[in-house]
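Visitor: I am new to reading protein models, and I would like to look closely at one part. Could you walk me through it?

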Amino acid sequence: MKYKEKIATEIIRMIEQDLCSISEICKSFQISRKTFYEWKKVKPEFGEAVEEAIDHREDVMIASARIGLKQLLEGYVQKKEKITYVPDKNDPVNDVEKCRVVEKKFCPPSIRAIKYVLDREERKKDKDRLLASERRPLVIEVQDEETKRQLMILQENGFRPGGSLNAEVVAAVDRKLEEELKVKSEELKVKNGQEQTEQGQVIEQMTVAQPSAAPVEKPKVNLYPFLPPGYTSRTD
């Protein structure tokens with residue numbers, strides 16, 4: 001069937017208002033599903049309009065679902081009207097309203113709705129934790145340099161087999177290993193130099209001369225303790 005702008009506009013309107021399914025819409029316009037999808041393919045503007053209509057319909061449905069879920073979580077007031085009709089005295093064929101009774105009932109929060117929201121939040125947290133763990137870098141500890149070299153060759157080759165047979169891949173890995181060795185050697189030299197400097201500073205502090213104390217005069221020994229005070233021997 002040939003593409004018709006009027007039919008396409010009505011199809012988009014019915015999709016947006018969520019009146020019928022695609023099969024029911026095609027049936028009402030006497031076109032096949034194959035024709036509908038062929039129009040979407042050959043008419044980009046029609047395809048885009050259909051997708052926008054579907055997105056709008058989904059947004060409206062989600063908004064309505066959220067409103068309903070919010071009412072179930074918080075509770076809501078249900079209003080019920082009861083109208084009584086009686087025959088019209090002036091016109092027995094028709095009825096007139098005699099009285100109207102409005103009943104209001106408070107519906108408490110739904111335990112099932114609360115449990116659903118809590119379970120959904122827990123599933124979301126589990127999913128976030130799983131994604132976070134998958135984003136963590138893979139760390140592999142190896143015991144020897146050759147195993148490390150083979151793993152680097154595998155990574156350099158895009159985790160495809162046969163990397164050890166590719167001379168360019170092997171050369172690139174060997175260059176990386178040489179650069180790592182140079183960096184480690186420089187770091188070791190710097191560390192050893194710092195340790196030697198610190199040891200020299202400690203020894204220098206230990207060998208600094210301490211100021212000598214003032215000499216203490218020893219008291220003279222009295223060689224003649226038997227003489228009276230003030231007398232000395234003839235040999236003095």
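Visitor: Which helices do the buried residues of α1 pack against?

Guide: Happily! A word on the model before we start: this is a predicted model, where local features need pLDDT of at least 70, side-chain atom pairs count only at pLDDT 80 or more, and totals for chains, interfaces and linings use all residues. Residues are numbered from 1 along each chain as its sequence is written, and side-chain values use heavy atoms, with hydrogens and water left out.

Now to your question. The buried residues of α1 pack against α2 (22–28), α3 (33–42) and α4 (44–74). Helices here are DSSP runs of H or I with at least four residues, strands are runs of E with at least two, and both are numbered from the N terminus. The protein has seven helices and two strands, in the order α-α-α-α-β-β-α-α-α from the N terminus on.

Helix α1 covers residues 5–16, and at 1.5 Å a residue its 12 residues should span 16 Å; the end C-alpha atoms lie 17 Å apart, which agrees. (The expected span is 1.5 Å times one less than the number of residues.) Buried in α1 are Ile7, Ala8, Ile11, Ile12, Met14 and Ile15. Seen down the helix axis, these buried residues fall within an arc of 165 degrees, so they line one face of α1. That arc is taken from the directions from the helix axis to the C-beta atoms. Glu5 and Lys6, on the other side of α1, are exposed. Buried means under 20% relative accessible area, exposed means over 50%, and partly exposed is in between, using a 1.4 Å probe and protein chains only. Just after α1, aspartate 18 takes a positive phi of about 55 degrees.

Let's follow one residue inwards. Isoleucine 11 is in contact with Ile25, Phe29, Ile31, Phe36, Trp39 and Phe46, leaving aside neighbours within four places in sequence; contact means heavy atoms within 4.5 Å.

Isoleucine 11 also belongs to the largest nonpolar core, which has 16 residues; Ile11, Ile15, Phe36, Trp39, Phe46 and Val50 touch the most other members. A nonpolar core is a set of buried Ala, Val, Leu, Ile, Met, Phe, Trp, Tyr and Cys residues joined through side-chain atoms within 4.5 Å. The elements giving two or more residues to this core are α1, α2, α3 and α4, and the largest share, six residues, comes from α1. In soluble globular proteins, nonpolar side chains tend to be buried together.
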